[in-house]
Amino acid sequence: MHDLFKKRRSVRKYTSHPVSDRQIKEILLAAMIAPSANNLHPVEFLVIKDKKKLKKLSQCGLWQQFIKNAPVAIVVISNPVKSKNFWLIDASIAAAYIYLEATNQGLATCWANIYKGKTEDSQDREAYVRKILRIPVEKRVVCVMPVGYPDETAKEHDRADYDEKTVHWERW
């Protein structure tokens with residue numbers, strides 16, 4: 001197993017050390033070259049560095065509060081008009097590439113779900129984020145990926161994570 005996959009963890013604590021624009025662009029490039037159904041690439045990205053906006057984004061749900069402590073966040077947005085059946089899958093794959101390139105750079109991230117979520121006061125999470133960031137209504141907000149230098153250490157994955165009970169060969 002490649003070291004990059006072993007190191008990739010969901011991290012919710014970040015140092016205050018800034019992430020450079022060069023690093024962000026490399027992460028975005030990785031997400032942009034992710035596989036896409038029919039090569040349509042319906043995914044777009046909104047980069048947020050403003051602390052006030054990060055704080056507002058962190059209030060979109062009980063489990064998203066860690067967003068405010070990251071120096072930057074990438075909002076993963078998809079266009080269902082451009083890819084009717086696969087916009088969510090394509091956005092999810094792009095987010096996975098964000099995970100991997102952030103890890104490759106010694107940075108960390110964690111998927112903060114927006115799609116089909118509710119705020120603590122039962123508002124639609126997508127509408128909440130769309131309003132804060134002025135995202136057009138025809139676009140779908142899938143997740144927020146805060147990015148920063150990790151301020152916690154998680155155990156690397158290893159071969160013990162392999163679970164034979166979840167693997168089926170040739171038939172169920």
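**Notebook: a predicted chain of 172 residues**

I began with threonine 153, which counts as exposed at 81% relative accessibility. The model I am reading is a predicted one. I located threonine 153 in the segment that follows strand 5. I then looked up its separation from histidine 17: the two lie 136 residues apart along the chain, and their C-alpha atoms are separated by 16 Å.

**Entry: the chain as a whole**

I recorded five helices and five strands in the chain. I read their order along the sequence as α-α-β-α-β-α-β-β-α-β. For overall dimensions, I noted that the C-alpha atoms fill a box of roughly 45 × 40 × 35 Å, taken along the principal axes. I next asked what radius of gyration the chain has, and what a compact globule would have with 172 residues. The chain has 17 Å and the globule would have a value near 16 Å, so I entered the two as agreeing.

I also looked up burial, and found that 41% of the 172 residues count as buried. Turning to contacts with a separation of 6 or more, I noted that residues 24 or more positions apart account for 77% of them.

**Entry: helix 2 against helix 4**

Two packed helices are described by the angle between their axes and the distance between the axes. I looked up both values for helix 2 (residues 21-32) and helix 4 (residues 87-104): the angle is about 140°, and the axes are 8 Å apart. Because angles over 145 degrees count as roughly antiparallel, I entered helix 2 as oblique to helix 4. I recorded the crossing of these helices as right-handed.

I then listed the residues that make the contact. Helix 2 contributes Glu26, Ile27, Ala30 and Ala31, while helix 4 contributes Ala94, Tyr97, Ile98, Glu101 and Ala102. By class, I noted seven nonpolar residues, no polar ones and two charged ones in the contact of helix 2 with helix 4.

**Entry: helix 3 against helix 5**

I looked up the same two quantities for helix 3 (residues 51-58) and helix 5, and found an angle of about 170° with the axes 10 Å apart. Helix 3 and helix 5 are therefore roughly antiparallel to each other. On the helix 3 side I listed Lys53, Lys56 and Leu57; on the helix 5 side, Tyr128, Val129, Ile132 and Leu133. I counted this contact of helix 3 with helix 5 as five nonpolar, no polar and two charged residues.

**Entry: leucine 54**

I stayed with helix 3, where leucine 54 is found. Is leucine 54 buried or exposed? I entered leucine 54 as buried, because its relative accessible area is 0% and the cut-off is under 20%. Setting aside residues up to four places away in sequence, I found that leucine 54 touches Ile48, Lys49, Ile67, Lys68, Ala70, Pro71, Val72 and Ala73. I also looked up phenylalanine 66, which lies twelve residues from leucine 54 in sequence and 9.4 Å from it in space, C-alpha to C-alpha.

**Entry: lysine 139**

My final entry concerns lysine 139, which I found in the loop between helix 5 (125-133) and strand 5 (140-148). I recorded lysine 139 as buried, because its relative accessible area is 14%, under the 20% cut-off. Which residues does lysine 139 touch, not counting those up to four places away in sequence? I listed Glu44, Ile77, Ser78, Asn79, Glu126 and Arg130.

Definitions and conventions. Residues are numbered from 1 along each chain as its sequence is written. This is a predicted model: local features need pLDDT of at least 70, side-chain atom pairs count only at pLDDT 80 or more; totals for chains, interfaces and linings use all residues. Side-chain values use heavy atoms; hydrogens and water are left out. Helices (H or I, at least four residues) and strands (E, at least two) are DSSP runs, numbered from the N terminus. Buried means under 20% relative accessible area, exposed over 50%, partly exposed in between (1.4 Å probe, protein chains only). Contact means heavy atoms within 4.5 Å. Axes are lines fitted to C-alpha atoms, for helices over the stretch in contact, and angles run from 0 to 180 degrees between N-to-C directions. Angles under 35 degrees count as roughly parallel, over 145 as roughly antiparallel, 65 to 115 as roughly perpendicular and the rest as oblique. A crossing is left-handed if the near helix is turned anticlockwise from the far one by less than a right angle, and right-handed if clockwise. Ala, Val, Leu, Ile, Met, Phe, Trp, Tyr, Cys and Pro count as nonpolar, Asp, Glu, Lys and Arg as charged, and the others, Gly among them, as polar. The radius of gyration is taken over C-alpha atoms; the globule rule is 2.2 Å times the number of residues to the power 0.38.
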